[in-house]
Amino acid sequence: MKYKILTLALVVLLGACSDKLDLKPTDTIETSRAYQSFDDLEAGLAGAYSSASGTSAISTSSYQTDMTKMATGGRNIGVTQYNWNYNALGTGVEFTFGWATNYIAINGINLLLAGVESIVPSEEEMERHKQIKGEAIALRAYLHFELFRNYAESYTDGGKLVAPYMTESVISSPERLTVSAFVSQLEADIEEAKSLLAGYDPATPIYVSTSFLQALELKLALYQEDYTKVIAIADTLLGMYDIADIMEIGEVFDRAINSEAGVIFKFAIPDNGGRIGAIWQDSNGTVNFEVTQDFINKFSTDYVDVRQDINISEYDGLNVVGKYLGTDAAVGASDFFVFRAEEILLSRAEAYYYSGDEAKALADLNTLRTARLESYVAGSESGANLLQAIKTERAIELAFEGHRWFDIRRWGDDIIRVDVTAATTPKLLSGGDYRFVMPIPNHELLANTSMVQNPGYQTN
């Protein structure tokens with residue numbers, strides 16, 4: 001299926017206000033000019049990794065949940081998200097939830113893949129040539145998954161709409177695919193990338209691998225409630241990756257140490273790159289979002305939880321996000337952790353629970369708590385209490401890594417806030433509210449008449 005890059009929205013935004021748009025295919029670069037050598041392919045792949053490392057899921061899962069609140073002395077960034085007032089007409093909405101960012105990155109990847117096909121490798125280059133193609137397709141699958149979890153009307157109803165699935169850079173007017181069609185394309189990319197990367201074992205988790213693809217496949221299965229598949233993939237991955245222990249976990253998020261314990265994949269972000277810590281706090285110290293008491297209250301009062309000091313730091317009398325402090329030379333700098341063994345373990349625990357095997361669900365939960373709580377004595381929760389314990393552990397362990405909003409959405413839970421910035425701050429977003437599904441940017445609707453809006457949002 002052939003689709004164009006969806007940057008018509010950007011054309012509209014940056015200079016077209018008339019009814020008739022003079023669109024030129026500037027996003028469709030002639031491949032023979034863009035990629036002329038094998039070194040060009042390597043450079044293109046490096047660019048693909050960089051463009052795929054957008055962190056909008058982290059801000060979404062922080063600003064829009066119960067984990068942080070706007071600081072009274074901040075710059076008012078994120079106010080629309082914090083108050084759940086975002087809409088299709090909002091300034092910058094095409095970037096806020098990753099619509100434009102992801103499609104621009106996907107287009108670059110599709111151009112790279114066209115370049116891969118146009119360049120004939122030497123005998124010495126053949127294996128690497130295949131790996132480049134596999135890595136590019138894997139990143140394309142990941143970016144489409146990000147679109148899926150933001151814009152899909154449903155994660156499980158095959159007839160609901162998602163977004164276009166782009167496999168080639170061509171000018172057209174793509175329609176939103178159904179969940180079934182979109183997931184089929186996504187799974188096809190995963191399988192092709194697996195085949196191309198078979199036997200490829202990068203020495204560091206900053207490059208995609210078959211493990212990355214398995215983790216992505218597991219996450220998709222979790223969102224689609226295919227718990228048998230979640231358990232099977234988790235068994236494989238947890239046979240390869242150990243979770244970080246009680247001493248190692250702090251070193252994973254310590255920029256100076258940069259431990260890779262339990263890390264399946266992360267985007268390597270240089271000190272001079274986009275700094276994740278800036279989502280909450282400026283480099284000059286200004287705090288824009290602080291950690292809520294709602295989140296602090298999730299920690300155990302019976303045990304010392306080493307994650308409390310990892311997730312939360314004190315600054316100028318405020319509780320601030322501590323996971324991405326960076327270093328003195330690069331405040332807020334951090335890699336972007338996409339898949340960790342701990343997520344896999346918690347996903348398996350959840351899958352066991354929903355499959356009716358509470359004993360195994362509890363065993364997985366206790367494995368994680370033993371690795372995080374000092375002198376921990378195994379818990380014995382069951383039924384609804386066990387499910388709530390799994391959800392709480394997921395909130396704590398994966399805090400500020402881009403999971404919370406999407407977990408709450410797929411569970412159908414309410415977001416209930418107690419600790420808020422002002423009396424006028426909304427405190428309840430009921431499960432199933434239309435705002436759990438992000439708006440298609442209005443600029444996109446104006447540029448592409450085949451596009452339709454998600455329910456609940458005004459268009460113009």
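This short talk goes through a pair of strands, several salt bridges and two backbone angles in the structure above. Please keep in mind throughout that this is a predicted model.

Let me begin with the strands. Strand β2 covers residues 263–267, and five of its five residues are buried. It pairs with strand β6, residues 336–340, in the antiparallel sense, and that pairing runs over four bridges. If you want to trace the register on your screen, Val263 has Arg340 as its bridge partner in β6, while Phe265 is partnered there by Phe339. As for β6 itself, five of its five residues are buried too, so this strand is largely enclosed by the rest of the structure.

From the strands I would like to move to the charged side chains. How many salt bridges does a search of the whole structure find? The search gives 36, and I will take three of them in turn, starting with one that involves β2.

Lys266 forms a salt bridge with Asp335, with the closest N and O atoms 3.0 Å apart. Lys266 sits in strand β2 and Asp335 in the loop between β5 (318–321) and β6, so that this pair, whose members are 69 residues apart, links distant parts of the chain. Are the two partners buried or exposed? Lys266 has a relative accessibility of 1%, and because the cut-off for buried is under 20%, Lys266 counts as buried. Asp335, at 7% relative accessibility, counts as buried as well.

The second salt bridge joins Glu393 to Arg307, and here the closest N and O atoms are 2.9 Å apart. Glu393 belongs to helix α17, residues 383–397, and Arg307 to helix α14, residues 307–311, so the contact again links distant parts of the chain, 86 residues apart. Glu393 is buried at 7% relative accessibility, and Arg307 is buried at 2%.

The third is between Asp413 and Lys391, again with the closest N and O atoms 2.9 Å apart. Asp413 lies in the loop between α18 (404–411) and β7 (415–416), whereas Lys391 is in helix α17, so the pair ties together parts that are 22 residues apart in sequence. In this case Asp413 is partly exposed, with a relative accessible area of 24%, while Lys391 counts as buried at 9% relative accessibility.

Beyond these individual pairs there is also a network, in which salt bridges that share partners join Asp305, Arg307, Lys323, Arg340, Glu342, Arg372, Glu393, Glu397 and Glu401. You will recognise Arg307 and Glu393 from the second pair, and Arg340 as the bridge partner of Val263.

My last topic is the backbone. Most residues other than glycine have a negative phi, and with that in mind I would point to two residues. Trp84 has a phi near 55 degrees, which is a positive value in a residue other than glycine. It is found in the loop between α5 (79–82) and α6 (93–96), and Trp84 is buried, with a relative accessible area of 2%. Asn258 likewise has a positive phi, of about 60 degrees, although it is not a glycine. Asn258 lies in the loop between α12 (249–252) and β2, which brings us back to the strand from the start of the talk, and at 31% relative accessibility Asn258 counts as partly exposed.

Key
Residues numbered from 1 in each chain as written. Predicted model: local features only at pLDDT ≥ 70, side-chain atom pairs only at ≥ 80, totals over all residues. Heavy atoms only, no water. Buried < 20%, exposed > 50% of the residue type's maximum accessible area, 1.4 Å probe, protein only. Helix = DSSP H or I, 4+ residues; strand = E, 2+ residues; numbered from the N terminus. Pairing = 2+ DSSP bridges. Salt bridge = Lys/Arg side-chain N within 4 Å of Asp/Glu carboxyl O.
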